[in-house]
Amino acid sequence: TTSMSAGAVYMLRTAGDWAMADADAASTSTGLLAIALGSASDNDGMLLRGTATISTDPGDVGQILYLSTTGGRLQSSAPSGSGDIVRVAGYKLRNIDGWNDDSETQIWFNPDSAWVEIA
């Protein structure tokens, strides 16, 4: 897959390519998750589990991070809309450039294979 956003969360599709993960539906959030390490999965790789740097700040240090309803992102609150998928994706470790700097965030990415769909 090309034209990827480094640091964004993707899901492996049955066709063998990566699509931006989104908690709005099971079809975009319940498969194998990974973080893009560059703009092309075959050249730059995909992080399946480990420490990652993302460009958004999804919450406070130590918080659980869930797959977001905004494509490719993580958030500190569980999605709550009807049809949303609640899936733990990791934990926030720290802001890289200082305690309150939102420019880059280090996370522990460890997606749970369990998920729940909100009725």
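Which residue is the bridge partner of Tyr66 in strand 9? The close-ups below answer this and introduce other parts of a predicted model.

**View 1. Tyr66 has a bridge partner in strand 9 and another in strand 7.** Val88 is the bridge partner of Tyr66 in strand 9. Strand 6 covers residues 64-67, and strand 9 covers residues 88-95. The two run antiparallel and are joined by three bridges. Turn now to strand 7, residues 74-75. Here Gln75 is the bridge partner of Tyr66. Strand 7 also runs antiparallel to strand 6, with two bridges between them.

**View 2. A hairpin links strand 6 and strand 7.** Six residues lie between the two strands. Gly72 sits in the turn. Its phi is positive, at about 80 degrees.

**View 3. Four strands form an open sheet.** Their order is 2-1-3-4, and the pairing is antiparallel. Strand 2 (18-20) and strand 4 (46-47) are the edge strands. Each of these pairs on one side only. Strand 1, residues 9-12, pairs with strand 3, residues 33-36. Three bridges connect this antiparallel pair. Within the pair, Met11 of the sheet stands opposite Leu33 in strand 3. In a regular strand, side chains alternate between the two faces of the sheet.

**View 4. Asp22 is buried without a salt bridge.** Asp22 is found in the loop between strand 2 and strand 3. Where is the nearest side chain of opposite charge? It belongs to Arg73, 11 Å away. A salt bridge needs a distance within 4 Å, so Arg73 is too far from Asp22 to form one. The side chain of Asp22 does have a polar atom 2.9 Å from the backbone nitrogen of Asp24. Beyond its neighbours within four places in sequence, Asp22 contacts Thr28 and Ser29 among others. Its contacts also include Leu67, Ser68, Thr69, Thr70 and Gly71.

**View 5. Thr1 lies in the segment before strand 1.** Is Thr1 buried, exposed or partly exposed? Thr1 is partly exposed, because its relative accessible area is 31%. The side chain of Thr1 reaches the backbone nitrogen of Trp18 at 2.8 Å. Setting aside neighbours within four places in sequence, Thr1 is in contact with Asp17 and Trp18, and also with Ser39, Ala40 and Ser41. Gly45 is 44 residues from Thr1 along the chain. The C-alpha atoms of these two residues are 10 Å apart.

Notes: Residues numbered from 1 in each chain as written. Predicted model: local features only at pLDDT ≥ 70, side-chain atom pairs only at ≥ 80, totals over all residues. Heavy atoms only, no water. Pairing = 2+ DSSP bridges. Buried < 20%, exposed > 50% of the residue type's maximum accessible area, 1.4 Å probe, protein only. Lys, Arg positive; Asp, Glu negative; His and termini not counted. Polar contact = N/O pair within 3.5 Å; in protein donor to acceptor, adjacent residues only side chain to side chain. Contact = heavy atoms within 4.5 Å.
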